[in-house]
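Here is a brisk tour of one protein model. It moves from a loop to an aromatic cluster, then to a helix and a pocket.

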Amino acid sequence: MTRYIVLDVGGTTIKGNVVTQENELFFPEEKVFDACSDKTREEVLLNFLSILNQLNPRGDCVQSICFAFPGPFDYARGISYMKGISKYEALYGLEMQKALQDLDEAGWIKTARFHFMHDIEAFAYGICRRYPYLADKRVFCLCLGTGAGSAFLANGTVVKGTEGVPENGWIYNVPYKESLIDDYISARGLARLSKEKLGTELDGYHLKVLADAGDERAVEVFLRFGEEIGSAIQGFLNGFHPQVLVLGGNLAKAYSNFRDGLHTTASLGGIEVLVEHETSVRVFEGLLANCMRRK
């Protein structure tokens, strides 16, 4: 049976599973691991090695190991160029396939093919597989978590650097206010707003607990966060003219809390807002489809 290991690599956690070419999952629920993204190069690589061995403890033959990675990243060569965004900086310039295969003592990693794909592109293709009606739509995918990940689809294909879309389709590094979009519509941006309003930095989960319990300060934080998102993406709505805005990532789970703020500053008339809670599952599906095409 042909098997693929799929990994959704985030700044806080890494989610993984083993999938067959028939899209059957070996683990009923995705496995979640600490990312260790702020550690030394050796620690980050050993963490990846440990994760791979935990997903394949018997060392069975695996067709491909498929990574969904945030950018900047050379996906053809498997080299990370992340710098100044507080994650995986120790991997800068490293050829990951060679580094992991050099550390492999069991042998099965050395024989597997490696595939690397932008995490939100994988998510976007997975979204199209999950919702076939999007195949002929213009779709703006925005994943809110450690950073602000993005991808743009037209007729089922990712588009970049055209039709109002930034180079590579990434909005995170577009100048915005006093720095970059990534600093405002991400976990960091939400924590900053929390600090301003509550006097302490809270993550999305704890803020949502407070807001759902009626804490007016937490409600105001989410309102301002939604306004920030709308303001940051309005230019892309104007340039790309999406028919659907897909929200994914951990912070999308709080959409009901920041929805009013988003609609205040973003012109969403006629645009369907689709909130996807199974972000990693969609990433896995997109990864598998990509690997199947390239084998």
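## A cis proline in a loop

Pro 72 lies in the loop between β4 (64-69) and β5 (73-74). The peptide bond leading into it from Gly 71 is cis, with omega near 5°. Most peptide bonds are trans. Elements are DSSP runs numbered from the N terminus: helices are H or I with at least four residues, strands are E with at least two.

This is a predicted model, where local features need pLDDT of at least 70, side-chain atom pairs count only at pLDDT 80 or more, and totals for chains, interfaces and linings use all residues. Residues are numbered from 1 along each chain as its sequence is written, and side-chain values use heavy atoms, with hydrogens and water left out.

## Aromatic pairs

The whole structure holds 20 aromatic pairs. Rings of Phe, Tyr and Trp (its six-membered ring) pair if their centres lie within 6.5 Å; planes under 30 degrees apart count as stacked, over 60 as edge-to-face and the rest as tilted. Phe 69 and Phe 73 are stacked, because their ring centres are 4.7 Å apart and their planes meet at 25°.

Both rings belong to residues that are buried: Phe 69 has a relative accessible area of 0%, and Phe 73 has 7%. Buried means under 20% relative accessible area, exposed over 50%, and partly exposed in between (1.4 Å probe, protein chains only). Ring pairs link Phe 69 and Phe 73 into a cluster with Phe 48, Phe 67, Tyr 75, Tyr 88, Phe 114 and Phe 116.

## Phe 114

Phe 114 sits in strand β7 (residues 113-118). Phe 114 is buried, at 9% relative accessible area. Leaving out residues up to four places away in sequence, Phe 114 touches Ile 65, Phe 67, Gln 97, Leu 100, Gln 101 and Ile 109. Contact means heavy atoms within 4.5 Å. Ile 5 is 109 residues away along the chain, yet its C-alpha atom is 9.7 Å from that of Phe 114.

## Helix α8

Which residues of helix α8 (residues 255-265) are buried? They are Tyr 255, Asn 257, Phe 258, Gly 261 and Leu 262. They fall within an arc of 135° seen down the axis, so they line one face of the helix. The arc is that of the directions from the helix axis to the C-beta atoms.

The cover over these buried residues includes β8, α6, α7 (216-240), β13 (244-248) and β14 (272-275). Exposed Asp 260 and Thr 264 are on the face turned away from the buried side.

## The largest pocket

The largest pocket has a volume of about 1,100 Å³. Its lining has 45 residues, and Leu 144, Gly 145, Thr 146, Gly 249 and Asn 250 are the closest to its centre. A pocket is an open set of points on a 1 Å grid over the protein atoms alone, where a 1.4 Å probe fits, with protein on both sides within 12 Å along at least five of seven lines; lining residues have an atom within 4 Å of a point. Grid points are joined across faces, edges and corners, and the volume is the space filled by probe spheres set on the points.

Helix α5 gives the most to the lining, with four residues. By class, the lining has 17 nonpolar, 17 polar and 11 charged residues. Ala, Val, Leu, Ile, Met, Phe, Trp, Tyr, Cys and Pro count as nonpolar, Asp, Glu, Lys and Arg as charged, and the others, Gly among them, as polar.
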